[in-house]
Amino acid sequence: MTKKKLVVVDADTIVFRSAAVAEQRTVEVEHLPSGRKKIYKNKTTFKKAMKEKGYSVKPEEFSFVDIQEPEPISHCLHNIKLQADGIIERFSDADVIFCAGDKNNFRLDLPLPTRYKSNRDETVRPFHLKDARDYFISKYKAVSADGYEVDDLSIILAYEGLHKGKDAVLCSPDKDAKQAIGLKLFDYVNPDKPIVEINEWHDIELDSKRDFKSYGVPWLCYQWINGDLSDGFSAKSLVGIKLGDVGFHTLFKDCKKPKDNLEVVVNWFKDSFGDSFNYNDWNGNEVNADWKEIMGLYYKCCRVKCREDDALDYNEILERYGISI
């Protein structure tokens, strides 16, 4: 008997990308001493132009104003329909659940040195983003996350389906989705890539760009130490250790099973933070923590919830693989 297929879609990327492409962005640069202004495609283009002219850019001499010129919202909504309907058509034999939007994310309250995702506070959001999300939730009956993030919710729902005997496919381009052991992963941003069955163990490799690649426990272990700069957290940065993807490949290259990777992580946190480590959190509080507490903090940042009551306690995964600390 063929299992009923369930497809759960983390659709925030669909909404964001559709809103982002439905506008033209430029930046107005003013040279403050002279008052001269000029519009560039972006800050990178401006810096490149100055470099080509041999000018040394002193940040205090320039101001930048982002300019957004939105297209009609119909362009944005059309793009949303193309992507969402494309997923529905591809998985026409499945029940499809869309997830979009979240609130009250518990990670915002974690005592990190900089608040979770605060690095995005000054980022200009797409003009149509709110209306696009509201439209998507209404049209596709999308469910939203409360208390955690959309990637948590989509994985929780996929696991619920898996535990009910369904053939569960997670549709997501999010890096965190590569942790989801037991699920099948489809990256809708790169639809020509094959669906990946995520196992506990996958080999690690460096791709042509020398970026670290893996899935399952090896990928989780990489994220645990490396963090995610797009979300504004990194254990290696907290302790001031420079470790690139080539270095991570070296760190994990002798690992042959999940337990090996986890033992590398445990030893790295123990050696890096010791029994007493001081830092100031984003609220200005002085924090003294040992390596286990720091390891637990960053586990809560990088690890996605697998069930509604998942406390994200690292002891759970360590005990599963026979590691005692």
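Here is a short walk through this structure, which is a predicted model.

Let's start with the sheet. Six strands form an open sheet with mixed pairing, and their order is S6-S5-S1-S7-S8-S9. At the edges sit strand S6 (143-146) and strand S9 (196-197), each of which pairs on one side only. Further in, S1 and S7 run in the parallel sense and are joined over five bridges. If you look along this pair, you'll find Val9 opposite Cys171 in S7.

Now move to helix H3, residues 73-90. With 18 residues at 1.5 Å a residue, H3 should span 26 Å, and its end C-alpha atoms are indeed 26 Å apart, so the two values agree. Which residues of H3 are buried? They are Cys76, Leu77, Ile80, Ala84 and Ile87. These five cover an arc of only 90° around the axis, so they lie on the same side of H3. Flip to the face turned away from that buried side and you meet the exposed residues Leu82 and Glu89. What do the buried residues of H3 pack against? Their partners are strand S1 (5-10), helix H1 (12-21), strand S5 (94-103), helix H4 (129-139) and strand S7 (167-171).

Finally, the cysteines. A disulfide is a covalent bond between the sulfur atoms of two cysteines. How many disulfides does a search of the whole structure find? Zero. Take Cys99: the closest cysteine sulfur, in Cys171, is 11 Å from its own, which is too far for a bond. Cys99 is buried, with a relative accessible area of 0%, and Cys171 is buried with a value of 0% too.

Methods:
Residues are numbered from 1 along each chain as its sequence is written. This is a predicted model: local features need pLDDT of at least 70, side-chain atom pairs count only at pLDDT 80 or more; totals for chains, interfaces and linings use all residues. Side-chain values use heavy atoms; hydrogens and water are left out. Helices (H or I, at least four residues) and strands (E, at least two) are DSSP runs, numbered from the N terminus. The expected span of a helix is 1.5 Å times one less than its number of residues. Buried means under 20% relative accessible area, exposed over 50%, partly exposed in between (1.4 Å probe, protein chains only). The arc is that of the directions from the helix axis to the C-beta atoms. Contact means heavy atoms within 4.5 Å. Two strands pair if DSSP finds at least two bridges between them. A disulfide is a pair of cysteine sulfur atoms within 2.5 Å.
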